[in-house]
Amino acid sequence: MKIKVFFLILIFLVMGIIPVISMGNASVKTFEKNKSTQNSVSTKNNKNQKSENSVLEGLLYARYSEDLNDEALKAFAVLFNNNLNKDIKSYDLEDKNIYISDLGLKEEYPDNYSNIKEKIKNIINETNGVYIYNDNKTVFVPYSECSSGVTYTDEKYENLISVASPWDKISEKFNKDIRCVGVSLEGIKFLSNYYDYKTALLWYLPKYEIK
């Protein structure tokens with residue numbers, strides 16, 4: 001009798017322990033699965049998200065050339081960063097003429113990659129916090145690659161006036177049919193050889209403030 005009771009107790013104990021072990025294993029597997037899923041989502045989000053600075057860096061990488069001086073880069077940094085803060089969707093980051101990644105920069109300038117990257121970071125740091133204002137409010141500022149020798153007004157942009165940009169006519173990108181509203185990037189490149197970046201930008205934005 002004692003032997004039967006002992007075996008019954010043993011059976012009950014085994015029956016009770018097995019579900020607990022199974023639940024424990026299931027919990028561990030569920031936890032590991034959830035953790036794996038969270039890590040996957042987190043990694044995916046990190047790949048899809050770009051910090052403000054990395055986007056600005058990519059925009060400047062795409063504009064970089066060996067003959068572009070620091071004042072022109074500063075003007076571009078202020079202009080692009082200003083507009084990123086107003087409407088990041090205005091930039092097509094899939095277009096390599098507008099944005100290139102670190103890898104793209106490295107492929108374009110394999111021998112000078114580190115120096116260019118450091119230069120761009122310094123330009124961004126130096127112009128950090130500088131924005132373009134109209135009536136003490138930051139505003140989106142339109143720009144074009146080049147002008148036809150003059151810029152145009154647009155009713156969407158208050159206080160934006162037409163200015164002469166005759167130096168654009170000597171640019172390889174000149175086209176007499178271009179309708180440039182706001183800032184001419186080729187004009188900035190020319191003016192930055194003689195003036196600081198704020199003065200170059202204000203040529204095209206005489207009723208605006210840069211601070």
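**Exercise 1. Contacts and overall make-up**

Determine what share of the contacts between residues at least 6 apart in sequence joins residues at least 24 apart, and describe the make-up of the protein.

*Solution.*
Step 1. Among the contacts in the protein that link residues at least 6 apart in sequence, 70% join residues at least 24 apart. The model examined here is a predicted one.
Step 2. The protein contains seven helices and seven strands.
Step 3. Read from the N terminus, the order of these elements is α-α-α-α-α-β-β-β-β-β-β-α-α-β.
Step 4. The protein has 211 residues, and 37% of them count as buried.

**Exercise 2. The sheet around Tyr133**

State in which order the strands S1, S2 and S7 are arranged in their sheet, and place Tyr133 within it.

*Solution.*
Step 1. The open sheet consists of three strands in the order S2-S1-S7, with antiparallel pairing. Its edge strands are S2 (137-138) and S7 (209-210), each of which pairs on one side only.
Step 2. In general, the strands of a sheet pair through backbone hydrogen bonds, in either a parallel or an antiparallel way.
Step 3. Strand S1 comprises residues 132-134 and is joined to S7 by two bridges. Tyr133 belongs to strand S1, and its bridge partner in S7 is Glu209.
Step 4. Leaving out residues up to four places away in sequence, Tyr133 touches Thr138, Val139, Tyr208, Glu209 and Lys211. Between the C-alpha atoms of Tyr133 and Lys211 the separation is 7.7 Å, although these residues are 78 apart along the chain.
Step 5. Tyr133 has a relative accessibility of 17%, and therefore it counts as buried, the limit being under 20%.

**Exercise 3. Two lysines in helices**

Decide whether Lys117 and Lys74 are buried or exposed, and list the residues that each one touches.

*Solution.*
Step 1. Lys117 is located in helix H5 (residues 113-127). Lys74 is located in helix H3 (residues 70-86).
Step 2. The relative accessibility of Lys117 is 18%, so this residue counts as buried. For Lys74 the relative accessible area is 9%, so Lys74 is buried.
Step 3. Not counting residues up to four places away in sequence, Lys117 touches Glu57, Tyr61, Asp102 and Leu105. With the side chain of Tyr61, the side chain of Lys117 makes a polar contact of 3.3 Å.
Step 4. With the exclusion of residues up to four places away, Lys74 touches Ile123, Glu126, Thr127 and Tyr197.

**Exercise 4. The largest pocket**

Describe the volume and the lining of the largest pocket.

*Solution.*
Step 1. A probe the size of a water molecule, rolled over the atoms, shows where empty space is left.
Step 2. The space in the largest pocket amounts to about 300 Å³.
Step 3. Its lining consists of 15 residues; those nearest the centre are Lys96, Tyr99, Ile100, Ser101 and Gly104.
Step 4. Helices H2 (52-63) and H4 (102-108) each supply at least two lining residues. H4 gives the largest share, with four residues.
Step 5. Sorted by class, the lining has eight nonpolar, three polar and four charged residues.

**Exercise 5. Val181 and its surroundings**

Find the strand that holds Val181, and classify the residue by its relative accessible area.

*Solution.*
Step 1. Val181 lies in strand S5 (residues 180-181).
Step 2. Its relative accessible area is 10%, so Val181 is buried.
Step 3. Apart from neighbours within four places in sequence, Val181 is in contact with Pro142, Tyr143, Ser144, Tyr152, Thr153, Asp154, Tyr157 and Leu160.
Step 4. The C-alpha atoms of Val181 and Ile161 are separated by 8.9 Å, and the two residues are 20 apart along the chain.

**Exercise 6. Positive phi angles**

Explain what is notable about phi at Asn136 and Asn159, and locate both residues.

*Solution.*
Step 1. Most residues other than glycine have a negative phi.
Step 2. Asn136 is not a glycine, yet it has a positive phi of about 65°. Asn159 is not a glycine either, and its phi is positive at about 70°.
Step 3. Asn136 is in the loop between S1 and S2, whereas Asn159 is in the loop between S4 (151-152) and S5.
Step 4. With a relative accessible area of 55%, Asn136 is exposed, since exposed means over 50%. Asn159, at 27% relative accessibility, counts as partly exposed.

Notes:
Residues are numbered from 1 along each chain as its sequence is written. This is a predicted model: local features need pLDDT of at least 70, side-chain atom pairs count only at pLDDT 80 or more; totals for chains, interfaces and linings use all residues. Side-chain values use heavy atoms; hydrogens and water are left out. Buried means under 20% relative accessible area, exposed over 50%, partly exposed in between (1.4 Å probe, protein chains only). A polar contact is a pair of N or O atoms within 3.5 Å; within protein, one must be able to donate a hydrogen and the other to accept it, and residues adjacent in sequence count only if both atoms are side-chain atoms. Contact means heavy atoms within 4.5 Å. On a 1 Å grid over the protein atoms alone, a cavity is a set of points where a 1.4 Å probe fits but cannot get out, and a pocket is an open set with protein on both sides within 12 Å along at least five of seven lines; lining residues have an atom within 4 Å of a point. Grid points are joined across faces, edges and corners, and a volume is the space filled by probe spheres set on the points. Ala, Val, Leu, Ile, Met, Phe, Trp, Tyr, Cys and Pro count as nonpolar, Asp, Glu, Lys and Arg as charged, and the others, Gly among them, as polar. Two strands pair if DSSP finds at least two bridges between them.
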